[in-house]
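Here is a quick tour for someone who has not met this protein before. Have a look at the model first, then read on.

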Amino acid sequence: MPEIFRFYGFSFFFFSREHEPIHIHVEGAEGKAKFDYENGEFVQKEVYNIKSNDLKRIKEVIDDNKEVIVKHWNRYFGG
């Protein structure tokens, strides 16, 4: 489970046996979320038990680091 980074007590990662499309999982504070990469942006697809203010911060982190996430995905999966 390659972890890309940690912010605000949340882990941003993907699983080692992932599938397309490019996406990022986020877990922490008893909650989790998933964001898919669509048309150059990460879009929230799933969310469970994450407070709205935390979700906003998570989305900002993803938006600010989308190139890093895509780079890590491509490096890991050879894309």
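How many aromatic pairs does the structure hold? There are eleven of them in this predicted model. One is made by F13 and F15, whose rings meet edge-to-face, with 5.3 Å from centre to centre and 90° between the planes. The two partners sit in quite unlike surroundings: F13 is buried, at a relative accessible area of 1%, while F15 is partly exposed, at 37%.

Further rings gather elsewhere. F5, F7, Y8 and F12 make up one aromatic cluster. Y8 also has a charged visitor, since the charged end of R57 sits over its ring, 3.8 Å from the centre.

Now for the inside. As a general point, nonpolar side chains in soluble globular proteins tend to be buried together. Here the largest nonpolar core has 19 residues, and those touching the most other members are F12, I24, V26, F35, F42, I58 and I62. At least two core residues come from each of strand 1 (3–7), strand 2 (10–13), strand 3 (23–28), strand 4 (31–38), helix 1 (52–64) and helix 2 (66–77). Helix 1 is the top contributor, giving four residues.

I24 shows how this looks from one residue. Leaving aside residues up to four places away in sequence, I24 touches I4, F12, F13, A33, K34, F35, F42, I62 and I69.

What about the two helices? Helix 1 and helix 2 pack at about 70°, with their axes 4 Å apart. Angles of 65 to 115 degrees count as roughly perpendicular, so that is how these two helices lie relative to each other. On the helix 1 side the contact involves I62, D63 and D64, and on the helix 2 side K66, E67 and I69.

The loops have some backbone features to check out too. In the loop between strand 2 and strand 3 you will find P21, and the peptide bond leading from E20 to P21 is cis, with omega near 0°. Two residues that are not glycine have a positive phi, as the table shows.

| Residue | Phi | Loop | Relative accessible area |
|---|---|---|---|
| A29 | near 50° | between strand 3 and strand 4 | 58% |
| N49 | about 60° | between strand 5 (41–48) and helix 1 | 49% |

Are these two buried or exposed? A29 counts as exposed, because that label starts over 50%. N49, at 49%, counts as partly exposed.

Technical notes
Residues numbered from 1 in each chain as written. Predicted model: local features only at pLDDT ≥ 70, side-chain atom pairs only at ≥ 80, totals over all residues. Heavy atoms only, no water. Phe/Tyr/Trp six-rings, centres within 6.5 Å; stacked < 30°, edge-to-face > 60°. Buried < 20%, exposed > 50% of the residue type's maximum accessible area, 1.4 Å probe, protein only. Lys NZ or Arg CZ within 6 Å of the ring centre and 35° of its normal. Core = buried A, V, L, I, M, F, W, Y, C linked by side-chain atoms within 4.5 Å. Contact = heavy atoms within 4.5 Å. Axes fitted to C-alpha atoms, helices over the stretch in contact; angles between N-to-C directions. Parallel < 35°, antiparallel > 145°, perpendicular 65-115°, else oblique.
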